[in-house]
Each structure stands twice: as C-alpha cells, then as structure tokens.
Amino acid sequence: MWQTLIGNLAVVGLILSVWAHFSAAANSSPHWRERLRLGVFLGLAASASMIMAFSFRPGILVDLRSGLIALAGMEAGLPGLVAALSLSALTRWAIGGEGLAPGIQSLALFAAVGLVVRYITAKRF
C-alpha cells in the first residue's frame, strides 16, 4: 500500500513540475487561460492519481485526488475547477466499481471546499 501511495505522489509531483515549467514559459497569456491551464494540469494529476490508486476492493480507491481538486478550487478558481473536476470525474466514471458514487461525491465536496477557501482567503489577502 505505501509503495503505491509513494509512487502516486511521485507522479503527481512530476505533473506539477511540468506545470511549473509551462507556467513560467507562458507568462504572457491571459489570466483566465492560465487558470484554465492549471485546472487541466490538476485534473490530469488527479486522474493519474486515481489510475495508480491502491484498491481495497474493485472500485474502492485510496489516492491523492482530493487535495488536487481542492487546490484547483483554491488556485485556479471556477474555470480551472470545472476543467479539473470534469477530467477527474470522467476518469472516476471510467474506473467504475462500487465506489463510483461516493468517489464522485467526494470530488464535488473537495471542489466546494476549495472554492470556499478561495472566497475566504480572497478577502483576507
């Protein structure tokens, strides 16, 4: 189990490193496009996390997608969150299994948490 989660973390770190490289190179793009691109990268990272997840039973997954979806809500705002949530929900649907409905519900829950944190911290900073 631990080896799977460590490998999962390595893949997520690799995808976020690629994002950091592309975001530095595309500094002149419009703000909404940058947020959308971040959402796509976080959605891909969440999808990769689900594909490499530790499975208790068919369809019951342990992975790192929740933090990535919350991060999409906090940092990418609504456009990026929609992209990340769409990619990750499609991946979760494709995986299927008995944990499909709770898996998609957890994605929605962490998306809402990310947006709420974005709203709260926007007034503070």
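Two strands are taken to pair when DSSP finds at least two bridges between them. In this predicted model, strand β1 (residues 54-57) and strand β2 (residues 60-62) meet that condition, running antiparallel and joined over three bridges. Arg 57 sits across from Ile 60 of β2. The two strands make a hairpin with two residues between them, and Gly 59, in the turn, adopts a positive phi of about 95°.

We can turn next to the helices and the interior. The largest nonpolar core has 17 residues, of which Leu 42, Leu 68 and Ile 69 touch the most other members. Helices α1 (2-25), α2 (31-51), α3 (65-95) and α4 (100-124) each contribute at least two residues to this core. Beyond its neighbours within four places in sequence, Leu 68 is in contact with Val 12, Leu 16, Leu 42, Ala 45 and Ala 46.

Leu 16, one of these partners, belongs to helix α1. With residues up to four places away in sequence set aside, Leu 16 touches Leu 42 and Leu 68. Leu 16 is nevertheless classed as partly exposed, because its relative accessibility is 27% and buried means under 20%. Between Leu 16 and Gly 114, 98 residues apart in sequence, the C-alpha to C-alpha separation is 18 Å.

In soluble globular proteins, nonpolar side chains tend to be buried together. A nonpolar patch is nonetheless found on the surface here, made up of Trp 32, Leu 36, Val 40 and Leu 44, with a joint accessible area of about 350 Å². Leu 44 lies in helix α2 and is partly exposed, at a relative accessible area of 42%.

Key. Residues numbered from 1 in each chain as written. Predicted model: local features only at pLDDT ≥ 70, side-chain atom pairs only at ≥ 80, totals over all residues. Heavy atoms only, no water. Helix = DSSP H or I, 4+ residues; strand = E, 2+ residues; numbered from the N terminus. Core = buried A, V, L, I, M, F, W, Y, C linked by side-chain atoms within 4.5 Å. Buried < 20%, exposed > 50% of the residue type's maximum accessible area, 1.4 Å probe, protein only. Contact = heavy atoms within 4.5 Å. Patch = residues over 30% accessible without salt bridge, like charges linked within 9 Å, V, L, I, M, F, W, Y side chains within 5 Å. Areas by Shrake-Rupley, 256 points an atom, 1.4 Å probe, with all protein chains shown as cover. Salt bridge = Lys/Arg side-chain N within 4 Å of Asp/Glu carboxyl O.
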